[in-house]
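The following paragraphs go through a structure from one whole chain, to its contact with a partner, to two helices. The sequence and coordinates come first.

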Amino acid sequence: MTGAACALFAARAGLDVVVVDRGPVAGGTTGAGEGNVLVSDKEPGPELDLALLSNRLWSELAEEFGEFIEYEAKGGVVVATSPGGLAALERLAVEQRAAGVVAERVDGDTLYGLEPHLAPGLPGAVHYPQDSQVMPALAAAHLVRAAGARLLTGRTVTDVLRTPGGAVLGVRTDRGDIHAPALVNAAGTWGGEIAALAGAPLPVLPRRGFVLVTEPLPRMVHHKVYAADYVADVASDSAALQTSPVVEGTAAGPVLIGASRERVGFDRSFSLPVLRALAAGATRLFPFLADVRALRSYVGFRPYLPDHLPAIGPDPRVPGLFHACGHEGAGIGLSTGTGHLIAQALTAKTPDLDLAPFRPDRFAEEAA
Amino acid sequence: MTDRPRLAVIGAGPAGLAATVAAAAHGVRVTLIDAAAQAGGQFYRQPAAALRAGRPQALHHDWRTWQRLRRALDAHVRAGAVAHLTDHHVWFVERESGESGRFTVHALLGPEEADAVAVGADAVLLATGGYEKVLPFPCWTLPGVVTAGGAQAMLKGTLVVPGRTAVVAGTGPLLLPVAAGLAAAGVQVAALVESAAPRAFLRRTRALAAQPGKVAEGAGYAAQLLRHRVRTLARHTVVEAHGIDRLEAVTVAALDGEGRVRVGTERRIPCDTLAVGHGMLPHTDLAGTLGCRLDGLRVHVDDEQRTDVPGVWAAGEATGIGGSALALAEGHIAGRSAAARLTGSTPDPQEWAAAAKSRTGLREFAAAIESVYAPPAHWSEQVTDDTVVCRCEEVTAGTVREAVAQLGAGDLRTVKLLTRAGMGWCQGRICAPGVAGLAGCELTAARRPFARPVPLGVLAEDHPQPTSRAHTHPTDGGPS
Ligand SMILES: Cc1cc2nc3c(=O)[nH]c(=O)nc-3n(C[C@H](O)[C@H](O)[C@H](O)COP(=O)(O)OP(=O)(O)OC[C@H]3O[C@@H](n4cnc5c(N)ncnc54)[C@H](O)[C@@H]3O)c2cc1C
Ligand SMILES: Cc1cc2nc3c(=O)[nH]c(=O)nc-3n(C[C@H](O)[C@H](O)[C@H](O)COP(=O)(O)OP(=O)(O)OC[C@H]3O[C@@H](n4cnc5c(N)ncnc54)[C@H](O)[C@@H]3O)c2cc1C
């Protein structure tokens with residue numbers, strides 16, 4: 001997704017773009033996740049700023065090809081399961097509002113009017129109308145197509161070509177060299193490998209996630225609904241975390257339930273305890289789901305960096321190298337803002353957001 | 001008796017039955033689990049109208065084998081060595097982490113598939129058989145178009161109305177018994193349309209000569225077809241079905257040497273039933289989730305029928321399509337091997353030398369069959385853009401073609417992501433071969449973590465975990 005968005009914005013900035021991928025379109029984490037475009041789950045800071053920028057750009061793109069990419073600005077509802085949770089949720093909403101997020105406190109009839117099938121007796125929630133959704137694989141495919149970029153799938157980058165002075169000259173692939181003065185590393189969870197080939201280490205790591213998919217249903221869940229306990233989880237550094245339910249209906253009918261987070265390397269084996277935890281969380285929030293069948297489940301590996309912020313922008317260590325990876329559980333949502341900022345950096349414009357928090361060499365300093 | 005090791009056999013077809021009887025006779029307790037109400041699987045479940053009609057020698061032989069297995073199973077059940085669980089739909093087999101290597105088989109009960117049970121075992125034997133492959137053609141979704149296996153089911157139930165007119169079409173050796181069965185039940189079989197040229201098969205004398213039983217079986221069906229005056233059209237294919245609310249006729253045409261329709265040879269055959277099949281595919285979902293290696297579309301096994309996952313055996317059509325006699329031989333070997341290994345001894349292959357010998361011959365025979373019976377090479381050219389190829393999600397051939405030509409999809413998974421073909425109720429079990437053919441990509445084994453759709457309420461239930469090790473990877477949820 002990130003590469004597709006970079007291609008689109010770079011092409012629209014007048015650049016000649018080649019997209020290289022060792023697999024098919026959307027064959028990485030993009031084809032193995034969900035497509036939430038969220039502001040609700042982010043605390044004020046650089047990631048929220050990027051999310052707000054991206055959210056706006058998604059709604060603009062949606063005017064061009066919204067229906068092809070199943071764009072839906074359906075809004076999020078973050079539910080508190082305890083009075084204490086509600087207080088914490090409201091405190092976060094106050095800070096988010098100050099940063100430009102629309103966040104409306106809802107309870108009682110208003111809450112059950114938004115989501116009639118929620119478990120009874122919940123103390124309250126916050127409604128985030130800006131939260132939206134796309135179908136990631138379709139979005140990636142249509143953005144690449146709209147970019148008019150040359151798409152080379154089934155080609156693996158095996159080396160980064162550089163001048164004696166260290167500047168980027170292009171890439172070596174298993175099927176020939178490609179020359180270019182600028183290289184954008186949008187290799188997601190494998191971004192660390194490309195960075196290493198270019199001689200500019202970047203500690204991208206995988207964080208496993210499962211999603212459960214149900215049989216198709218008439219619309220029963222109207223928003224993206226999740227429990228407030230999660231907020232602490234997203235920002236957590238711990239590998240051992242509790243479960244919080246995340247439930248959403250899709251345009252195509254199935255309800256998606258996800259996603260788990262674990263750091264277990266690239267282990268693809270299905271873990272029944274994880275799937276059970278997801279199902280338990282979802283049925284607590286929406287009791288009707290107990291009788292609904294799960295048809296499938298899939299697994300993906302989110303790309304994360306130690307401080308949970310992506311790497312975006314030029315790498316001062318290697319002239320001509322730009323990074324756009326490490327978006328963890330928000331790479332679909334954040335892709336448009338990322339592509340826009342990368343295009344600005346590639347064309348030497350002043351970026352709309354300060355790129356300092358996303359500097360790719362920030363970990364090198366920490367290590368030293 | 002209770003401290004004997006326990007083997008769970010999943011699937012009570014020829015392979016599972018042979019395995020159960022062999023293992024129970026050699027000192028292990030067996031839990032035999034099957035979705036059907038009776039033992040028998042695909043083959044013995046068929047009441048085989050053909051059997052009652054003529055009882056040719058070859059079939060008679062299989063019938064005796066079946067009775068022998070049935071009696072042995074009943075005896076083991078009475079003796080308490082075998083528990084036979086019918087109407088149990090297995091949705092997941094869980095392997096405990098750590099050294100214990102125990103398994104939990106999770107099943108849904110009854111035709112409703114609503115209530116859940118979990119069965120513990122020291123080892124599992126997958127004998128889940130295969131399912132039918134059907135390729136799309138224009139109007140194949142009309143009522144009256146059924147699979148070859150579906151037609152067999154019609155024979156079983158009350159649906160058969162003598163006097164109906166049927167066409168049996170597609171490719172593969174299963175079309176013969178289906179056509180013979182329909183004819184024997186009083187259905188008028190207007191034609192058997194086979195896209196291959198089975199006569200070419202006769203030239204492969206080596207594989208054939210080694211299988212006199214198989215030859216006699218085929219000859220028996222052929223004789224029955226002759227008796228019922230069923231016309232066989234070799235190197236022909238169905239190009240289209242016709243009808244408004246239901247099937248009224250099909251158009252068939254001859255194929256040229258390249259597997260393309262010969263223009264001008266089309267002719268219309270009125271019929272109210274079209275039984276169509278293009279062979280079988282192995283059921284590998286449970287094996288896949290257990291992490292067993294697959295060779296292409298089949299479960300990989302060694303000489304003892306062991307998969308590469310410790311404690312997991314596989315036999316029968318899950319390991320490759322080959323007919324019931326092969327399933328019996330493989331099941332027997334798997335059962336003997338599992339019994340020996342579970343009771344702590346190293347099995348002696350000499351003890352099953354006869355089964356191993358027939359397995360070798362039957363596998364050669366199956367390979368020869370597979371090389372002869374193939375759908376027409378250019379079948380996908382007949383599929384019009386408006387033909388629905390994925391029925392669950394109503395995806396047309398045109399949409400699949402567009403995803404390939406316009407959006408850069410080049411493999412089954414990407415086609416699925418971009419078109420939703422294969423994402424619905426059947427999870428691509430029906431449409432995957434058709435979609436792969438239209439997209440011009442290889443048919444690959446899908447990863448289906450749930451062998452059956454499972455209610456979230458069942459999934460959410462807190463089953464006691466056999467050991468605390470199962471929880472080594474704590475997890476949380478989150479929005480993304
Ligand atoms: C279960 C789950 C749920 C999620 N839900 C959401 C959500 O709701 N909203 C959201 O915004 N995000 C979500 N995410 C996160 C999101 O999926 C990722 O952040 C995003 O897909 C990352 O996109 P990407 O383009 O950076 O990486 P990828 O999609 O992984 O793309 C990287 C590409 O690089 C290619 N590549 C790697 N190495 C090489 C090489 N050497 N040569 C050539 N090509 C190479 C790969 O083939 C791959 O196609 C979820 C993730 C998971 C796992
Ligand atoms: C129409 C038709 C006609 C045929 N005619 C002939 C013939 O004339 N001669 C011949 O040699 N062969 C014939 N065959 C092939 C023969 O039926 C198979 O070769 C044989 O049945 C394979 O045996 P098996 O034990 O491997 O699998 P099967 O007989 O398919 O048994 C598999 C069993 O596993 C069960 N199962 C699968 N998944 C699950 C699950 N998740 N949970 C619980 N239970 C499960 C199924 O219910 C089934 O009972 C025919 C097949 C068909 C479809």
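A residue is called buried here when its relative accessible area is under 20%, with a 1.4 Å probe and protein chains only as cover. The model is predicted.

Chain A is a suitable start. Its secondary structure consists of 10 helices and 18 strands. The radius of gyration of chain A is 20 Å, close to the 21 Å given by the globule rule for 368 residues, so chain A is as compact as a globular protein of that length. Its C-alpha trace spans about 65 × 45 × 40 Å along the principal axes. Of the 368 residues in chain A, 59% are buried. If contacts in chain A are restricted to residues at least 6 apart in sequence, 75% of them join residues at least 24 apart.

The surface and charges of chain A can be put in numbers too. Chain A exposes about 13300 Å², and 55% of that area is supplied by carbon and sulfur atoms. The chain carries 30 positive and 40 negative charges, and the mean positions of the two sets lie 5 Å apart.

Next comes the contact between the chains. The size of an interface is often expressed as the accessible area lost when the parts come together. For chain A and chain B this buried area is about 4500 Å², with 58% of it on carbon and sulfur atoms. A:Arg276, A:Arg293 and A:Leu295 supply 18% of the area that chain A buries against chain B, more than any other three residues. In residue terms, the contact takes 61 residues from chain A and 46 residues from chain B.

Within chain B, two helices show how burial looks at the level of single elements. Helix H6 of chain B covers residues 175-184, and eight of its 10 residues are buried. These are B:Leu175, B:Pro177, B:Val178, B:Ala179, B:Ala180, B:Gly181, B:Leu182 and B:Ala183. After H6(B) comes B:Gly186, with a positive phi near 95 degrees.

Helix H15 of chain B, residues 432-439, is also mostly covered: seven of its eight residues are buried. The buried set includes B:Pro433, B:Val435 and B:Leu438, along with B:Ala432, B:Gly434, B:Ala436 and B:Ala439. What do the buried residues of H15(B) pack against? Their partners in chain B are strand E17 (280-282), strand E21 (388-390), helix H13 (397-407) and helix H14 (412-419). H15(B) is followed by B:Gly440, whose phi is positive as well, near 70 degrees.

Definitions and conventions. Residues numbered from 1 in each chain as written. Chains lettered and ligands numbered in written order. Predicted model: local features only at pLDDT ≥ 70, side-chain atom pairs only at ≥ 80, totals over all residues. Heavy atoms only, no water. Helix = DSSP H or I, 4+ residues; strand = E, 2+ residues; numbered from the N terminus. Rg over C-alpha atoms; globule rule 2.2 N^0.38 Å. Buried < 20%, exposed > 50% of the residue type's maximum accessible area, 1.4 Å probe, protein only. Contact = heavy atoms within 4.5 Å. Areas by Shrake-Rupley, 256 points an atom, 1.4 Å probe, with all protein chains shown as cover. Lys, Arg positive; Asp, Glu negative; His and termini not counted. Charge placed at Lys NZ, Arg CZ, Asp CG, Glu CD. Buried area = accessible area lost by both parts, 1.4 Å probe.
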